[in-house]
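Visitor: Please pick one part of this model and look at it closely. Then work outward from there to the rest of the chain, and tell me how far the prediction can be read.

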Amino acid sequence: MIQPVPGQPQVLVGVAQPMMAQPQPMMVATQPMMAPMGQPMMMTPMMAVPGPMTYQQAPMPPGGYDHTLLAPHQRLVVKQEIEIMEVLTGFETQNHYSIFTPEKQRLFMAAEQSDFCARCCLGGSRPFTIKIVDVNTKQEILTFQRDCKCYFHEIRAFSRAGALLGYVKRNFSCCERNYQVYNAAGQPMYFINGPCCSPWTFDIVNSAGQQVGSIKKKWGGVFKEVFTDADTFSVEFPPADPDCKAVILGAVFLIDFMYFEDNQKNNNNN
């Protein structure tokens, strides 16, 4: 007779025993690797989690983000935006412009700052401040200021730092529309002449009497010309430095306000 061993299950010979389920190995998702005794444990390298994408700002051009950005451009297009509230209500609103290259690449934005009463009472003769902003950096690069004057209208150009770059002033003339371009020291640089036979053209002339540039208003279509005062101009700069180009760009806004701002009123006798 077989004696039972303490601690062991008793098995009866000749008696059917129930089948015991074989233990299955447990599947572990991640199990650390155990290194042999006396050897350092090898760590599994972890995958780096990508962080937020960063963008590098374009390097600042020589002179910074200021009016020197005008230096490489020989021609620009200044387009006034249509003000819907002005069309619907008839009240004069602040003007907004976009400045493009001839290839329709948008470079700058321009926004007028003026008083509501001045816009309603003075129309195109109102005083204003226009800020020029670079579309990429959203930084102000140039400022134009115009005071209220009866006949000898004038617009001044200031750099981002507030330094005077020059100004454009109207000259006396019985028939033609004549303006003089001055530098910051008050020295005449160029002459702008608007012939009576070409009401949409203003020639830029040097001291020798040679035409070296122009400011021209473009036809905007029947709707824009009749029902709005939103105009489009093309300016061709003379071979000049960025300071002078900035002043001539200011002449575009002065000409717009003087002769094309009040289309519905036909106020071209300013």
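**From one loop residue outward**

Guide: Lys104 is located in the loop that lies between β2 and β3. The model is a predicted one, and every value below is computed from it. The backbone at Lys104 has a positive phi of about 70°, although Lys104 is not a glycine. Most residues other than glycine have a negative phi. The relative accessible area of Lys104 is 73%, so this residue counts as exposed.

Another lysine can be set beside it. Lys138 sits in the loop between β4 and β5. Its phi is also positive, at about 60°, and Lys138 is not a glycine either. Lys138 has 56% relative accessibility and therefore counts as exposed.

Lys217 belongs to strand β11. With a relative accessible area of 6%, Lys217 falls under the 20% limit and so is buried. The Lys217 side chain has a polar contact, at 3.5 Å, with the side chain of Asp231.

The strands named so far belong to one barrel. It is closed, has 12 strands, and runs in order from β1 through to β12 with antiparallel pairing. From one strand to the next, the twist averages 20°. Strands of a sheet pair through backbone hydrogen bonds, either parallel or antiparallel.

One stretch of the barrel, from β5 to β8, shows the pairing in detail. Strand β5 covers residues 140-146 and strand β6 covers residues 154-159; the two run antiparallel and are joined by five bridges. Within this pairing, Thr143 stands opposite Phe158 of β6.

On the next step, β6 pairs with β7, again antiparallel and over five bridges. Here Ala157 has Gly166 of β7 as its bridge partner. The hairpin of β6 and β7 has four residues between the strands, and in it Gly162 takes a positive phi near 95°. Unlike Lys104, the residue with the positive phi in this hairpin is a glycine.

Strand β7 then pairs with β8 in the antiparallel sense, over five bridges. Tyr167 has Tyr182 of β8 as its bridge partner. The hairpin that β7 and β8 form has six residues between the two strands. Strand β7 is mostly covered, since five of its seven residues are buried.

A helix goes with the barrel. Helix α4, residues 242-260, lies across the strands from β1 to β12, and its direction is at about 35° to that of β7. Cys244, with a relative accessible area of 6%, is buried.

The cysteines form no cross-links: the structure holds zero disulfides. Cys197 is in no disulfide, and the nearest cysteine sulfur, that of Cys196, is 7.4 Å away. That distance is beyond the 2.5 Å limit for a disulfide, so the two sulfurs do not count as a pair. In contrast to Cys244, Cys197 is exposed, with a relative accessible area of 71%.

Taken as a whole, the chain has four helices and 12 strands. Of its 270 residues, 41% are buried. Of the contacts in the chain with a separation of 6 or more, 42% are between residues 24 or more positions apart.

As for how far the prediction can be read, the chain has a mean pLDDT of 78, and 65% of its residues reach 70 or more. Among the elements, β7 has the highest mean pLDDT, at 97, and helix α3, residues 222-227, has the lowest, at 50. Over residues 44-63 the pLDDT stays under 50, and the model has seven contacts for them beyond four places in sequence. Residues 266-270 also have a pLDDT below 50, with 10 contacts in the model beyond near neighbours in sequence. Where pLDDT is low, the predicted coordinates should not be read in detail.

Key:
Residues numbered from 1 in each chain as written. Predicted model: local features only at pLDDT ≥ 70, side-chain atom pairs only at ≥ 80, totals over all residues. Heavy atoms only, no water. Pairing = 2+ DSSP bridges. Axes fitted to C-alpha atoms, helices over the stretch in contact; angles between N-to-C directions. Contact = heavy atoms within 4.5 Å. Buried < 20%, exposed > 50% of the residue type's maximum accessible area, 1.4 Å probe, protein only. Polar contact = N/O pair within 3.5 Å; in protein donor to acceptor, adjacent residues only side chain to side chain. pLDDT = per-residue confidence, 0-100.
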